[in-house]
Each structure stands twice: as structure tokens, then as C-alpha cells.
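Got your viewer open and a free hand for the mouse? Load the model below and follow along, one selection at a time.

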Amino acid sequence: MNTNREQSLLPDDLRVFLTVIRKNGFNHAAEELGYSPAYVSKRVSILEATLGARLLHRTTRRVALTDDGERVRVWATRFLGDMDDFISELTDARQQLSGSLHICSTFGFGRNHVAPAITTLSRLYPKLEIRLDVFDRVVDIVNEGFDLEIRVGDDLPNQLLGKKLVANRRVLCATPDYLQRRGRPNSLDDLSDHDCLVLKERNNAFGLWSLTKGGVEESVRVSGPLSSNNGEIVLRWALSGAGIILRSLWDVKPMLESGELVQVLDEYTQSANVWAVYPTRVSQSAKLRVCIEFFEEHFRNLSLV
């Protein structure tokens, strides 16, 4: 039997096949399944074509298994039973997963993306007690008692474990109005002649922007009349035409698509991937493993690059 073809079998077709055998005919199987006899016959024919083997001897009154059909009957019974057991076990695990889970994230990403994701996570695992705290500072997740941090940026602490959830980068941008008044920068050095809206976030060097072009990292010292330790404040200033910002795509992508902001020096970017950071190996905590797997799947559809 062709193992490559076995991998493409549809469980529904196997169930139809087993019902035909158990009811000893297409008509009786169709009555039980709620299908037409023609449809039941078609599904069995598709199964035979997929396997490349004749499974049934058909007569006007009854059906009988071929030798290949008997082998498939044994295999299908075991396979479908195992699959039903797996689904039941997974459902039980979800219902039984309980305890507290303390998560932290940055203020903007936590509010805009992590919090809505946790709403879905809580519905999937209603016995979990989830707390989310958001900060615009460096968090010591071990000493502050967090199970998991959803972090933007690749500056991961060496003593912690991490899993990348989604690729992301920071870009330079400003409003069309600002660029019309002040002109577009043509090089990183030109930024010294512009009002740059500086964000003091976490442990990043204040006023020093490190960006990459063609795999080569370059740094530039920037300044401007406005600065803050809060990313949303800096973004509001940029949208008012106050200057140029360096901001994550997760934050500014809608504004770039609408034209409210325009990217400048497009060839320069700063890596700022989204990570799950945690102090305990996932093999030691079922709730942590399930939570990380959930965020990985949830953010897979968050297009940031």
C-alpha cells in the first residue's frame, strides 16, 4: 500500500467505508449517515482511488470485503479510534487546564495586541486565571513574579528562554505635511537637521538610533524639541506633524497604508521581532506551553514585514 497516499486519506471517507461494512450495504449506510446511496458509493470509490486498491466486491444485494478491504478495515478502525481518543484527550486537557498565569508586555503592544489575544485565550481555557500588566520599562520577570513576557525587540536577557512569535521591524516615518515643510532626508546624516521625536524606552540609549541597511548596522545621534518615555505620545506628536519617528510596523502600518504617515529612508530598518520570554522551560509547565503555542498561532496572522 502506498504510504504517501495513506497520508492523504480523509477520516470522513474512512467512516463512510466502515459504516458500509457494518450495515452490509450502501442503502442502509446512507440511511444511517443521512446521505444518498449515490453519494456513499462515490465516497467509497474516491477512497479506493486514493489507496489504489479495490476494497469491496459489490453485488445487487450485498457487499463483501476484498483482502485489501479487510486490511483497510482493521487499519481504519484503529486509526479512527486513536483520533477520537486524541480529540477527547485534547478537549479534556483544555477544560482541565487551570491555575494562574501572570503575563506582562509593553504598554502599546500589550494594549493593542496582547490584551485582545488574551480574551480569546481565556475563552479557550476558562479555568485559567490570567493577569496582564503593561509597562514602558525593563521588567525583571523572575524577581517580579511573571510567568511570561510578550516583548517587542531582540534584546533578550541571556538568563531567560525565548521563542519568536512574529517578525517585525521599526521604520522611520513622518507626516506629508512635515516633509513638505522640512524636506525629506536623503541619508542618516540628514537626520541631524530634522526634528526627531525621541523615545526613551526600556534600556535603549537615549537619542541614538541604530539601523540596518543591506545587513550593515549604522548609528546616528538624533535630537529634537520633544521626547517622551511613552510610545503612544511620541506617535501622536508625529501624527501632528512635529517630526520624524522610529516606530514599529505593528504600530504605524495602518497610518502608512492610509497615507497619514510616509516612510523615509526606506532602506534603513531596525529589527524589532515579537518574542515570548519566560523563565521556566515549557516542558515543566503545561499552562505556559499551551499559552506560548496559542500566542504563536495567534500572531502568525499578524503581518508586520
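What follows is a short tour, from the whole chain down to single residues.

**Before you click**

This is a predicted model, where local features need pLDDT of at least 70 and side-chain atom pairs count only at pLDDT 80 or more, while totals for chains, interfaces and linings use all residues. Residues are numbered from 1 along each chain as its sequence is written, and side-chain values use heavy atoms, with hydrogens and water left out.

**Stop 1: the whole chain**

Show the protein chain as a cartoon: there are 10 helices and 15 strands. Both are DSSP runs numbered from the N terminus (helices: H or I, at least four residues; strands: E, at least two). Switch on the surface, and you have about 16,400 Å² of accessible area, 47% of it belonging to carbon and sulfur atoms. That area comes from the Shrake-Rupley method with a 1.4 Å probe. Of the 305 residues, 41% count as buried, meaning under 20% relative accessible area with a 1.4 Å probe, protein chains only (exposed is over 50%, partly exposed in between).

**Stop 2: an open sheet**

Now select β4, β3, β5, β15 and β6, which line up in that order as an open sheet with mixed pairing. Why is one side of β4 and of β6 left without a neighbour in the sheet? β4 (128–135) and β6 (161–166) stand at the edges, so each has a single partner strand. From one strand to the next, the twist averages 25°.

Zoom in on β5 (residues 148–152) and β15 (residues 274–278): they pair in the antiparallel sense over 4 bridges. To count as paired, two strands need at least two DSSP bridges between them. Pick E149 and you'll find its bridge partner in β15, V277.

Next, add helix α6 (residues 107–124), which packs on the sheet and touches β3 (99–106), β4, β5 and β15. Its direction makes about 175° with that of β4. Axes here are lines fitted to C-alpha atoms, for helices over the stretch in contact, and angles run from 0 to 180 degrees between N-to-C directions.

**Stop 3: one serine**

Select S248 in strand β12 (residues 245–248). Is S248 buried or exposed? S248 is buried, at a relative accessible area of 4%. Leaving aside residues up to four places away in sequence, S248 touches V152, N168, R169, R170 and A272. A contact means heavy atoms within 4.5 Å.

**Stop 4: two cysteines**

Finish with C104, buried at 1% relative accessible area, and C291, also buried at 1%. How many disulfides does the structure hold? The count is 0, where a disulfide is a pair of cysteine sulfur atoms within 2.5 Å.
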